[in-house]
Structures are given as structure tokens and as C-alpha cells.
Amino acid sequence: MILVADSGSTKTNWCLLSPKQNPCYFDTEGYNPYFVSSDYIYKSLMATFPQDINQATVSTVYFYGAGCFEDKTGIVSNALGRFFINAVIHVELDLLGSSRAVLGNQPGFAAILGTGTNSCVYDGCKIIANIDSLGYLLGDEGSGFYIGRKILSDYIRDYMPPPVKEEFFRVYGLSREAIMERVYSEELPNRFCAGFTKFISDSTADTSYTNNLVRDAFIDFFENLVTKYEGYEQYTFNCTGSIGYTFKEILSAVATKYNMRVGTVIKTPIEGLAGYHRSLNCRHKE
């Protein structure tokens with residue numbers, strides 16, 4: 001059996017492919033090797049992997065993950081090798097997985113807009129151009145973290161319109177001290193900040209404020225990343241990730257502003273990746 005995974009910093013989507021059964025989808029937490037250790041990943045899998053799946057029957061694992069650059073893949077592959085004892089392990093960057101999910105074997109432009117961001121030009125097989133997103137401390141424009149950080153800073157500095165601030169406090173009840181403690185003293189502040197994008201999609205207090213906040217984040221993403229690719233206007237804008245998917249209407253307007261037509265925008269690449277590897281496996285058997 002083949003196991004395909006797409007992992008962000010918050011959540012990992014899995015798909016088990018078996019010749020005689022329908023695809024089996026399930027989720028675990030995210031495993032970004034910049035934030036978690038090999039031992040952490042192994043223990044998490046031990047605790048959360050579905051008990052009705054015998055991991056010893058998995059022959060191949062294709063894992064596409066945020067932060068899985070060449071110098072970090074060992075953290076993930078070691079954990080997966082300990083857990084899937086009979087499997088051949090392949091660990092690749094999540095950006096390659098997103099490219100394969102939205103473009104298949106066709107060349108084009110692909111991006112991720114989730115807890116973090118990334119972007120590339122893809123030749124139908126591999127990534128041929130990538131501008132470093134720099135992670136949440138130095139970049140990640142347009143990401144859930146980027147938007148969530150702006151929400152929190154506006155809340156603390158009293159920049160929010162009063163109806164929005166009242167609604168925010170009613171929903172979360174957070175003080176400045178509680179926010180600062182969570183961001184600076186506890187683990188995974190990127191997940192914490194990104195979680196507040198739900199407030200943007202749910203809020204009804206002042207949609208002009210929330211819409212402009214998201215629009216400005218996407219403009220920063222285009223200005224600092226997308227427009228820096230040579231000839232970017234020749235491509236359609238293809239994207240995976242919860243932020244791009246949730247705010248697709250705003251994203252489409254910003255893409256149009258920068259003369260890019262919008263192609264495929266999906267919440268998660270796992271179904272596309274499952275189809276890609278099922279097709280690849282069939283071709284190998286021919």
C-alpha cells in the first residue's frame with residue numbers, strides 16, 4: 001500500500017492508496033521539521049495514527065511537508081522510517097506537492113497560502129524557480145500567520161474599529177498580557193496567530209476592515225514574491241492552502257490587479273496528490 005501525506009505547520013492530510021479499496025483519508029497534526037523533532041513526530045504518530053491501519057503493510061510513503069528542505073528532511077524521514085518499518089520513505093517540500101496537485105505534469109506557477117506561504121515556477125516535474133518565503137519571522141506575506149499577527153497587533157494597539165474590537169473580545173476574551181505570553185513564551189506561535197484568521201471569515205462587525213486587512217496581506221504577497229518571478233504574468237495563478245481558498249474572492253481580485261489570471265485554487269492538495277501518485281503507480285506497472 002502507498003501512503004501519501006501533505007503536511008503544513010498546523011495539520012497533516014494523509015491518503016492511503018490500496019489497489020483493491022477506495023482511498024482512505026485521515027488527518028494528524030502538522031510536522032514542520034523547523035519546529036518539531038524526529039522524536040516528537042514519532043510519538044505523535046504513535047498516539048494519533050489510525051489503529052485500524054497496520055503501518056507494517058505500507059510499502060511506500062510520499063511525504064510532502066512545510067520546512068522539508070534538504071537539510072531538514074532527515075528529521076522527518078527518520079521518524080517515518082521508525083514508524084513505517086517496511087516502507088520506502090520519500091520526503092519532499094510541500095511546495096512540490098502543491099505543484100503536482102494543481103498542475104500535474106504541466107508546467108506553470110504554483111503557490112501555498114496556508115499557515116505559511118511559498119511559491120514557485122514548476123516545469124511539470126520539478127521546481128525550477130523559488131523565491132524564499134523566509135518563514136514567519138522574516139516573511140510569509142499573505143499567510144495565516146501574517147494575517148493573524150496583524151489582527152492581534154491591531155487589537156492590542158486599539159487600531160481596530162470599535163465594533164470589531166468588541167466582537168473580538170466577546171469571541172476570545174483575551175487580554176494583552178495573555179496574547180504576549182502565548183506568542184513569546186509558548187511553543188508554535190505561528191499556529192496560534194494563524195488561528196485568528198477564522199475571526200476574519202466569521203466576523204460581521206465591519207467587513208470593510210477585515211476585507212482590507214486580507215487584501216493588504218495578499219498585496220504584500222504579490223509585491224514581495226509573485227511579481228519578482230521573471231515573466232510571472234504569462235502564468236495562471238494556482239494555489240493550495242486554507243487562506244487562499246477561504247479568501248479566494250479577494251485573492252482573485254488582487255491577482256487580476258497584477259495581471260494574472262486565476263487557475264486552480266484548492267484548500268488542500270491531498271486529493272490531487274493521491275490522484276497523481278495513483279496514476280504514477282499505474283504507469284510504472286505498465
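## Second largest pocket

In this predicted model, the lining of the second largest pocket consists of 16 nonpolar, two polar and six charged residues. The volume of this pocket is about 580 Å³. Its lining comprises 24 residues, and those closest to the pocket centre are Phe145, Arg149, Lys150, Leu152 and Ser153.

Five elements each give two or more residues to the lining of the second largest pocket: α4, α5, α7 (176-185), α8 and α10. Of these, α5 contributes the most, with nine residues.

## Helix α5 against α10

Helix α5 spans residues 144-156 and helix α10 spans residues 207-224. The two pack at an angle of about 135 degrees, and their axes lie 10 Å apart. At that angle α5 is oblique to α10. The crossing of this pair is right-handed.

On the α5 side, the contact is made by Tyr146, Ile147, Lys150, Ile151 and Asp154. On the α10 side, Tyr209, Leu213, Val214, Ala217 and Asp220 take part. Sorted by class, the contact of α5 with α10 holds seven nonpolar and three charged residues, with no polar ones. Lys150 thus appears twice in this account: in the contact with α10, and among the residues closest to the centre of the second largest pocket.

## Helix α5 against α7

Helix α5 also packs on α7, at an angle of about 145 degrees and with the axes 10 Å apart. The crossing of α5 and α7 is left-handed, whereas that of α5 and α10 is right-handed.

Leu152, Tyr155 and Ile156 of α5 meet Arg176, Ile179 and Met180 of α7. This contact has five nonpolar residues, no polar residue and one charged residue. Leu152, part of the contact with α7, is also one of the residues closest to the centre of the second largest pocket.

## Largest pocket

The largest pocket encloses about 1200 Å³ of space. It is lined by 47 residues, of which Gly8, Ser9, Gly114, Thr115 and Gly116 are the closest to its centre. The lining of the largest pocket has 14 nonpolar, 25 polar and eight charged residues.

Both strands and helices give two or more residues to this lining. The strands are β1 (2-7), β2 (11-18) and β7 (117-122). The helices are α3 (94-103), α4 (135-138), α8 (189-194), α9 (197-202) and α11 (242-246). The most is given by α4, with four residues. Both α4 and α8 also give two or more residues to the lining of the second largest pocket.

## Helix α1 against α2

A further helix pair is formed by α1 (residues 38-48) and α2 (residues 73-83). Their axes come within 8 Å and cross at roughly 35 degrees. The crossing of α1 and α2 is right-handed.

From α1, the residues in contact are Ser38, Asp39, Ile41, Tyr42, Leu45 and Met46. They meet Ile75, Val76, Asn78, Ala79, Leu80, Arg82 and Phe83 of α2. By class, the contact of α1 with α2 is made up of nine nonpolar, two polar and two charged residues.

Notes: Residues are numbered from 1 along each chain as its sequence is written. This is a predicted model: local features need pLDDT of at least 70, side-chain atom pairs count only at pLDDT 80 or more; totals for chains, interfaces and linings use all residues. Side-chain values use heavy atoms; hydrogens and water are left out. Axes are lines fitted to C-alpha atoms, for helices over the stretch in contact, and angles run from 0 to 180 degrees between N-to-C directions. Angles under 35 degrees count as roughly parallel, over 145 as roughly antiparallel, 65 to 115 as roughly perpendicular and the rest as oblique. A crossing is left-handed if the near helix is turned anticlockwise from the far one by less than a right angle, and right-handed if clockwise. Contact means heavy atoms within 4.5 Å. Ala, Val, Leu, Ile, Met, Phe, Trp, Tyr, Cys and Pro count as nonpolar, Asp, Glu, Lys and Arg as charged, and the others, Gly among them, as polar. On a 1 Å grid over the protein atoms alone, a cavity is a set of points where a 1.4 Å probe fits but cannot get out, and a pocket is an open set with protein on both sides within 12 Å along at least five of seven lines; lining residues have an atom within 4 Å of a point. Grid points are joined across faces, edges and corners, and a volume is the space filled by probe spheres set on the points.
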